[in-house]
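Hi,

Here is the structure I promised to pass on. Have a look at it first, then read my notes underneath.

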Number of protein chains: 2
Amino acid sequence: MEVAKKTRAPLTRERVLRAAVDLADERGIDALTMRALGQELGVEAMSLYNHVKNKADILNGIVDAVCGEIVAAVDEVDPPEEPAGWKPVLRTRILTAREVLLRHRWAPALLESLADIPPSLIAYYDGQIGLMREGGFSLDLAHHALHALGSRGLGFTQELFVQEDSEVDPTVMAMMLQQMAGRYPHMADMMKIVAHDPESTLGGCDDQFEFEFGLDVILDGLDRLREANWQLPAHS
Amino acid sequence: MEVAKKTRAPLTRERVLRAAVDLADERGIDALTMRALGQELGVEAMSLYNHVKNKADILNGIVDAVCGEIVAAVDEVDPPEEPAGWKPVLRTRILTAREVLLRHRWAPALLESLADIPPSLIAYYDGQIGLMREGGFSLDLAHHALHALGSRGLGFTQELFVQEDSEVDPTVMAMMLQQMAGRYPHMADMMKIVAHDPESTLGGCDDQFEFEFGLDVILDGLDRLREANWQLPAHS
DNA sequence: ACCTGAACACCGTTCAAGT
DNA sequence: ACCTGAACACCGTTCAAGT
């Protein structure tokens with residue numbers, strides 16, 4: 001009767017990474033320290049080094065895990081039934097990737113900080129390129145398209161205008177706007193619009209709407225270049 | 001003869017921030033520690049707290065300084081002579097901002113990590129909005145345009161495909177491509193193109209070209225929406 | 001008012017020692 | 001083979017003490 005043995009599953013690289021993802025999801029990437037992770041697994045921090053090279057290895061590992069999640073989710077998206085279907089399908093794939101990333105808010109920034117692209121993403125981009133090729137893109141145009149999409153092609157954009165969850169007193173807010181209107185009239189106008197738009201939750205923008213808007217601007221633009229048989233402009 | 005007094009300029013917040021920018025430029029943002037910064041200024045780390053609240057204050061300060069540099073550089077760009085000039089002028093302003101950021105490689109990532117947009121950028125965005133408004137954009141469309149441009153509107157995109165300065169043996173490279181071609185044929189094709197393109201330095205992409213390509217896709221797309229009198233689609 | 005040295009609470013990581 | 005405890009070199013920051 002070896003009951004005691006079963007109380008704790010054996011530590012593996014797999015289990016360490018899974019715990020790391022959970023910890024980052026729940027308490028933020030800054031809370032992911034070797035000591036905290038060890039505690040989560042009922043073990044001293046130093047034991048982790050038996051299953052993982054170092055902290056950088058963990059960070060690479062959890063990003064790769066999320067990318068694997070993306071690839072799996074995107075694989076479920078139905079392929080286009082005709083060549084012209086590349087656009088809606090690509091759009092859906094990107095929005096699917098976005099859903100995964102919204103479950104792991106720490107992932108985008110970490111992904112950008114990595115030296116190399118996670119190997120699991122090769123499958124993702126191979127699919128994107130394939131869609132465009134079958135839709136009539138030259139290899140060249142498909143290449144530039146990937147760059148033009150940038151991180152949007154993976155489902156995220158780092159928002160520069162952060163949601164100030166403005167607990168600001170409305171009268172104080174009005175005064176600030178008044179003052180700003182002198183020097184920065186256009187900015188003041190825009191802030192008024194944003195705050196008053198019934199569509200957006202008061203005091204912020206609808207991230208999902210803005211993401212899709214920008215995505216469509218790019219996809220439509222690429223479609224037009226494909227239609228016009230875009231080629232590298234002659235260089236001097 | 002107070003010679004000794006002049007050997008060291010008095011420490012000020014201004015001087016601390018300037019030294020911090022220089023240190024980050026020269027040795028990277030990770031090398032910017034309180035102790036290293038103190039040493040650079042010939043002072044103990046703890047003295048810095050007399051002129052600066054804490055490290056977060058320094059990070060906010062140096063990002064704000066860079067943004068101020070952007071605003072100053074962009075102010076030199078000539079305004080359009082006719083409403084239709086909004087596009088080339090906006091384009092030039094963005095590429096000007098990009099030049100500043102290329103001198104401070106650490107700035108984009110830090111900017112994205114900040115809670116709030118630096119106050120010095122209000123002037124920048126006020127100018128961008130003004131250009132679009134005079135060019136015929138509705139306030140609404142100008143707002144979505146800012147989101148669609150995202151960080152590109154400030155002159156940068158976090159590149160996901162990092163320049164592997166591939167010191168890879170060509171024959172090894174050929175083998176890798178061969179192996180990849182089986183599972184990921186489109187990706188393999190693209191890597192061949194990129195490596196062989198005479199325009200790009202071998203083994204990488206031309207970041208500046210890709211930036212301008214993506215920027216033009218977006219600007220052209222926005223122009224078309226303006227022309228078509230884009231309006232918010234009716235919602236259910 | 002400004003600067004200093006010692007100290008504290010945290011990191012990631014190494015290493016010799018245990019089982 | 002796996003885990004542990006003590007230790008090391010680094011952080012940012014506090015605080016009492018100096019001038």
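The side chain of Tyr49(A) has an N or O atom 2.9 Å from a phosphate oxygen of DNA strand C. I call that a polar contact, meaning a pair of N or O atoms within 3.5 Å; within protein, one must be able to donate a hydrogen and the other to accept it, and residues adjacent in sequence count only if both atoms are side-chain atoms. Chain B reaches phosphate oxygens of DNA strand C too: Glu44(B) does it with a backbone N or O atom at 2.9 Å, and Ser47(B) with a polar side-chain atom at 2.9 Å.

Before going on, some ground rules. This is a predicted model, in which local features need pLDDT of at least 70 and side-chain atom pairs count only at pLDDT 80 or more, while totals for chains, interfaces and linings use all residues. Residues are numbered from 1 along each chain as its sequence is written, chains are lettered from A and ligands numbered from 1 in the order in which they are written, and side-chain values use heavy atoms, with hydrogens and water left out.

Back to DNA strand C. It has 15 residues around it, and the closest are Arg35(A), Tyr49(A), Lys55(A), Glu44(B) and His51(B). Of the atoms of DNA strand C that come within 4 Å of the protein, 52% belong to sugar and phosphate. (A residue is near a strand if one of its heavy atoms lies within 4 Å of it.) The surface near DNA strand C is made up of six nonpolar, five polar and four charged residues. For those classes, Ala, Val, Leu, Ile, Met, Phe, Trp, Tyr, Cys and Pro are nonpolar, Asp, Glu, Lys and Arg are charged, and the others, Gly among them, are polar.

Now DNA strand D. Of the 15 residues around it, the nearest are Glu44(A), Ser47(A), His51(A), Arg35(B) and Lys55(B). Which part of DNA strand D does the side chain of Arg35(B) approach at 2.7 Å? An N or O atom of that side chain lies that far from a base nitrogen. Lys55(B), by contrast, has a side-chain N or O atom 2.7 Å from a phosphate oxygen of DNA strand D, and a polar side-chain atom of Ser47(A) is 2.9 Å from a phosphate oxygen of that strand.

On to the two protein chains. In chain A, 57 residues are in contact (heavy atoms within 4.5 Å) with 57 residues of chain B. Together the chains bury about 5,200 Å², with 73% of it from carbon and sulfur atoms; buried area is the accessible area (1.4 Å probe) that two parts lose on being put together, summed over both. On the chain A side, His147(A), Leu160(A) and Met190(A) lose the most area to chain B, together 14% of what that side buries.

How many salt bridges cross this interface? The rule, a side-chain nitrogen of Lys or Arg within 4 Å of a carboxyl oxygen of Asp or Glu, finds zero between chain A and chain B. There are, however, ten residue pairs in polar contact across the interface, both partners at pLDDT 80 or more. The side of chain A that touches chain B comprises 34 nonpolar, eleven polar and twelve charged residues.

Last, the symmetry. A turn of 180° with a shift of 0.0 Å along the axis lays chain A on chain B with an RMSD of 0.0 Å, superposed by least squares on the C-alpha atoms of residues with pLDDT of at least 70 in both. That is the relation of a two-fold axis. Both copies use the same surface, with 100% of the contact residues of chain A recurring in chain B.

Cheers
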